[in-house]
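Colleague: I'd like to learn how to read a model like this, feature by feature. Could you walk me through one?

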Amino acid sequence: MAGMVFFSVSMSLDGYIAPESLSELMGRRWMELQGWVFPQRSFRERLQLGGGGEEGRDDDIVRETFERTGASVMGRRMFDAGERMWPESPPFRHPVVVVTHREREPWVRPGGTTFSFVTDGIEAALDRAREAAGDRDVRIAGGGETILQFLNAGLVDEFTIALSPVLFGAGVRIFEGVDAGRIALEQVGSAAPSSRVTHLTYAVRRR
Ligand SMILES: NC(=O)c1ccc[n+]([C@@H]2O[C@H](COP(=O)([O-])OP(=O)(O)OC[C@H]3O[C@@H](n4cnc5c(N)ncnc54)[C@H](OP(=O)(O)O)[C@@H]3O)[C@@H](O)[C@H]2O)c1
């Protein structure tokens with residue numbers, strides 16, 4: 001049985017998922033946006049940030065998100081930033097399909113992550129990811145431009161927003177240009193285990 005297609009991102013209260021420039025990644029606002037996730041045990045283990053870390057519902061959500069995912073799809077800008085920042089064994093541990101206009105040979109990393117580069121659009125990328133994922137879910141990992149294309153094409157079944165108590169004012173907006181007339185949402189989950197984040201999960205329906 002085919003799995004779901006979902007995305008899961010951290011978002012500022014005013015709707016941004018990243019600063020405007022990649023050079024600001026790891027800056028103050030990014031750290032405030034992602035402040036809830038860095039202490040989590042599962043995240044620290046996957047990113048090789050050192051042992052220990054918090055356990056609890058936030059950590060469960062991080063772990064469950066990693067575990068449900070059989071393959072990921074990401075945009076080239078997310079990949080370009082990650083290529084500089086991920087550890088030698090990137091956190092995915094499954095096939096990752098990068099949508100891009102620039103061809104590149106697959107990049108095989110230790111630990112089970114292979115990045116392959118697809119230049120014929122989001123549907124071809126999703127076909128590739130679905131095949132790799134088997135009966136597990138496909139995560140549209142990011143960034144904003146890529147997620148929006150999948151959402152507007154009606155290819156997303158469900159998404160989770162980790163809403164952080166920070167205002168960006170500018171940056172990469174996730175829902176800018178969304179085809180709001182076609183998409184209806186049903187809230188299917190919510191959790192606010194700490195004061196650092198609220199997790200909101202929506203099923204995507206067509207109007
Ligand atoms: N807050 C979070 O949880 C979260 C999660 C994930 C990512 N992010 C952040 O999001 C930012 C990146 O987002 P973004 O919106 O700027 O970029 P993006 O979606 O990662 O990548 C966009 C690029 O992907 C390629 N692309 C996208 N669709 C394509 C298509 N249909 N055909 C061919 N190529 C296609 C193009 O690159 P080329 O033309 O160069 O090939 C395009 O410029 C990063 O800063 C990342 O850290 C945040």
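Modeller: Gladly. Helices and strands here are DSSP runs, numbered from the N terminus, with at least four residues for a helix and at least two for a strand. With that in hand, Ile-147 can be placed in helix H6. Keep in mind that this is a predicted model.

Colleague: Is Ile-147 buried or exposed, and why?

Modeller: The general idea is a neighbour count: a residue is buried if 20 or more other C-beta atoms lie within 10 Å of its own. Ile-147 has 24 C-beta neighbours inside 10 Å, so it counts as buried. Apart from neighbours within four places in sequence, Ile-147 is in contact with Phe-7, Ile-140, Gly-142 and Ile-174. The buried residues of H6 are Gly-144, Thr-146, Ile-147, Leu-148, Phe-150 and Leu-151. Just after H6, Gly-154 has a positive phi of about 75°.

Colleague: Can we try the same reading on a strand residue? What does Ile-17 touch?

Modeller: Ile-17 sits in strand E2. It is buried because 23 other C-beta atoms lie within 10 Å. Setting aside neighbours within four places in sequence, the contacts of Ile-17 are Val-9, Ser-10, Met-11, Gly-142, Gly-143, Gly-144, Val-172 and Ile-174.

Colleague: Now the sheet. In what order do the strands lie?

Modeller: The idea is to follow strand pairs, where two strands pair if DSSP finds at least two bridges between them. Here that gives an open sheet of nine strands, in the order E5-E6-E4-E3-E7-E1-E8-E11-E10, with mixed pairing. Its edge strands are E5 (107-108) and E10 (183-194), each of which pairs on one side only. Helix H3 (residues 57-68) packs on this sheet, touching E1, E3, E7, E10 and E11 (197-206), and its direction makes about 135° with that of E10. H6 packs on the sheet as well, touching E1, E3, E4 (95-99), E7 and E10, and its direction makes about 135° with that of E7.

Colleague: Which strands pair with E1, and in what sense?

Modeller: E1 pairs with E7 in the parallel sense over two bridges, and with E8 (residues 158-164) in the parallel sense over seven bridges. Phe-6 lets you see both pairings: its bridge partner in E7 is Arg-139, and in E8 it stands opposite Glu-158. Seven of the eight residues of E1 are buried, so this strand is largely enclosed by the rest of the structure. As a reading aid, side chains alternate between the two faces of the sheet in a regular strand.

Colleague: And how does the E5 end of that order read?

Modeller: E5 and E6 run antiparallel and are joined by two bridges. They form a hairpin with five residues between them, and Gly-111 in the turn has a positive phi of about 95°. E6 (residues 114-118) runs parallel to E4, with five bridges joining them. Phe-115 is a handy landmark in E6: it is the bridge partner of Trp-107, and Val-96 stands opposite it.

Colleague: Where are the unusual backbone angles?

Modeller: Begin with omega. The peptide bond from Gly-142 to Gly-143 is cis, with omega near -10°. Gly-143 is in the loop between E7 and H6. Then look for positive phi in residues other than glycine. Gln-48 has phi near 55° and is found in the loop between H2 (41-46) and H3. Arg-93, in the loop between H4 and E4, has a positive phi of about 65°.

Colleague: Why does Arg-93 count as partly exposed?

Modeller: Arg-93 has 15 other C-beta atoms within 10 Å, so it is partly exposed. Gln-48 gets that label too, because 14 other C-beta atoms lie within 10 Å.

Colleague: Last one: which residues come nearest the ligand?

Modeller: Of the 26 residues around the ligand, Gly-75, Thr-100, Gly-142, Gly-143 and Thr-146 come nearest. The shell divides into twelve nonpolar, ten polar and four charged residues. Elements that each supply at least two of its residues include E1 (5-12), E2 (16-18), E7 (137-142) and H6 (144-152).

Colleague: And what holds the centre of the largest nonpolar core?

Modeller: I would put that in terms of contacts. Among the 43 residues of that core, Val-73, Ala-129, Ile-140 and Val-156 touch the most other members. Ala-129, for one, touches Ala-71, Ser-72, Val-73, Val-97 and Val-138, not counting residues up to four places away in sequence.

Terms used:
Residues numbered from 1 in each chain as written. Predicted model: local features only at pLDDT ≥ 70, side-chain atom pairs only at ≥ 80, totals over all residues. Core = buried A, V, L, I, M, F, W, Y, C linked by C-beta atoms within 7 Å. Buried ≥ 20, exposed ≤ 12 C-beta atoms within 10 Å, placed from the backbone. Contact = placed C-beta atoms within 7 Å. Near = placed C-beta within 6 Å. Nonpolar A, V, L, I, M, F, W, Y, C, P; charged D, E, K, R; others polar. Axes fitted to C-alpha atoms, helices over the stretch in contact; angles between N-to-C directions.
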